Amino acid sequence: MSKKPAYSKKSGPLKGRAVVPGDKSISHRSIMFGGLAEGETIISGLLEGEDVLSTAEAMRQLGARIEKCDDGLWRCYGVGAQGLSESEAIIDMGNSGTSIRLLMGVVAGYAMSTFFVGDASLSKRPMGRVITPLQEMGATFIARDKGRIPMAVKGNASLKGINYTLPVASAQVKSAILLAGLNATGKTQVTEPAPCRDHTENMLRHFGANIDVSRDSEGLRVISIEGGQSLQGCAVDVPSDPSSAAFPIVAAVLSADSEVHVYGVCYNETRNGIYKTLIEMGADIEILRSYDQGGETVVDICAKGGKQLHGIDVPAERVPSMIDEFPILAVAACCAKGVTKMTGLEELRVKESDRLGIMAAGLTAAGANLEEGADSLTIHGDGRPLKGGVQIETHHDHRIAMSFLILGLTTDAPMRIDDASPIQTSFPNFVSLMRDIGAIIEADDVAPTGEKTLRFAEDL
Ligand code: S3P
């Protein structure tokens, strides 16, 4: 696929009302569980990004009927318990770590073989963390070194429930084990080293499964599921993605006289760390309204610009609740006054790209003063905009692409990215939404600092 360079330049004030697309994690799960359930599932607000479309296509390949209807709703006609069938073709998971990891758990409990491939970024990501517990349950895997894809899964209709403590606080690994547990004999129990997003637990309950959440003697969360349960089709109303909402909100906070309202954002406690952190840094962010939507807390947020942010130490225990937001937090920290210290970031090295290394290098090139550690990032801000004026390689990573475009709204000279196309994975209307609130972001085929625009695209 050809690259789509883009640039952004100093903008503001940003003003307006926005609704960002549906939450990626909840969207994946709604399609997957809808495809596994008995009967019909109707989904509103689904994120129609490339990652979720990969999940939908994979579920179709495995036998589920999944359609987008003329009324804009998605309907899944699930296969019911033990109803999946072997895919004749290799399943291409594109860029999506969530799709492949959760589906590995789903197919592990079937006496069939499944073959997974993905793009260059996904092919570098570690799958051993999912393979190890699923092997313990009875599935067989053939993969490249460190469990990397391409991968073959030989499932087992007689999986055994296990008691497993996650070595990393990963919702994807937890979810893969719980989904395998749904088809296993006996109880499957997962202990988390730190609370990570709990959408699988919430949604399994919403689809009628019995799932138990308790605390062990050290206060760690223990999630248990009995095998042999079936899911029942239901209605799912997907709230907006707090990870996507963070981009216009940080942009507003960083631009004087801005005021941006973002509506219907999922504010699950396992996801809202970025907002707590920005508020601690002095950002003018107000929760206007909070309500329940299908078991998830949802809020409307007002973000205003003009207040000088100050550096803080981000508590390491907060990392899982904002794991995808460190690239955009690093942008905010560069505009803050004082030192922002982020620790416990080792997982950032194995996301869609090495987010720690790429943010550190890109921000340094743009004029930031920072230190990168093996699992930490310390940013020294002087409260003034960075100089900018550099091009960043996005390495197939949507959040790297969006973070540097937001940075460019604040820098003295424009910021350019080599490829905006990865943004399609999670926030397909990012450019048009940002432009609607006043951001200058344009497609750019040539100029490294954006002086010359050859093409103007709404649909990057
Ligand atoms: C996700 C979990 C997180 C997150 C990813 C989505 C999920 O990954 O980074 O974008 O939907 O379960 P890890 O489980 O690897 O932390």
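Here are three short exercises on the ligand site and the backbone of this predicted model.

Residues are numbered from 1 along each chain as its sequence is written. Because this is a predicted model, local features need pLDDT of at least 70 and side-chain atom pairs count only at pLDDT 80 or more, while totals for chains, interfaces and linings use all residues; side-chain values use heavy atoms, with hydrogens and water left out.

**Exercise 1. Work out which residues surround the ligand and what classes they fall into.**

Step 1: pick out the residues around the ligand, meaning those with a heavy atom within 4 Å of it. You should get K24, S25, R29, T98, R101, S170, A171, Q172, R197, I323, D324 and K351.

Step 2: sort that shell by class. Ala, Val, Leu, Ile, Met, Phe, Trp, Tyr, Cys and Pro count as nonpolar, Asp, Glu, Lys and Arg as charged, and the others, Gly among them, as polar. The tally is two nonpolar, four polar and six charged residues.

Step 3: map the shell onto helices (DSSP runs of H or I, at least four residues). At least two residues come from each of α1 (24–36), α3 (97–107) and α5 (171–182), and α1 gives the largest share, three residues.

Step 4: check the domains, whose bounds come from an automatic or database domain assignment. Domain 1 (6–22 + 239–459) and domain 2 (24–237) each put at least three residues into the shell.

**Exercise 2. Find polar contacts of the ligand with S25, A171 and D324, then see how much of the ligand is covered.**

Step 1: look for pairs of N or O atoms within 3.5 Å. On the side-chain side, an N or O atom of S25 is 2.7 Å from a ligand oxygen, and a polar atom of D324 is also 2.7 Å from a ligand oxygen. A171 uses a polar backbone atom, 2.9 Å from an oxygen of the ligand.

Step 2: turn to accessible area (Shrake-Rupley, 1.4 Å probe). On its own the ligand has 390 Å², and the protein covers 96% of that.

**Exercise 3. Track down the cis peptide bonds before P13 and P150, and the positive phi at Q82.**

Step 1: recall that most peptide bonds are trans and most residues other than glycine have a negative phi.

Step 2: check omega. It is near 0° from G12 to P13 and from I149 to P150.

Step 3: place both prolines relative to the strands (DSSP runs of E, at least two residues). P13 is in the loop between β1 (6–9) and β2 (15–18); P150 is in the one joining β8 (140–142) and β9 (151–154).

Step 4: finish with Q82, where phi is near 60°. Q82 sits in the loop between β5 (74–77) and β6 (91–92).

How values were computed:
Polar contact = N/O pair within 3.5 Å; in protein donor to acceptor, adjacent residues only side chain to side chain.
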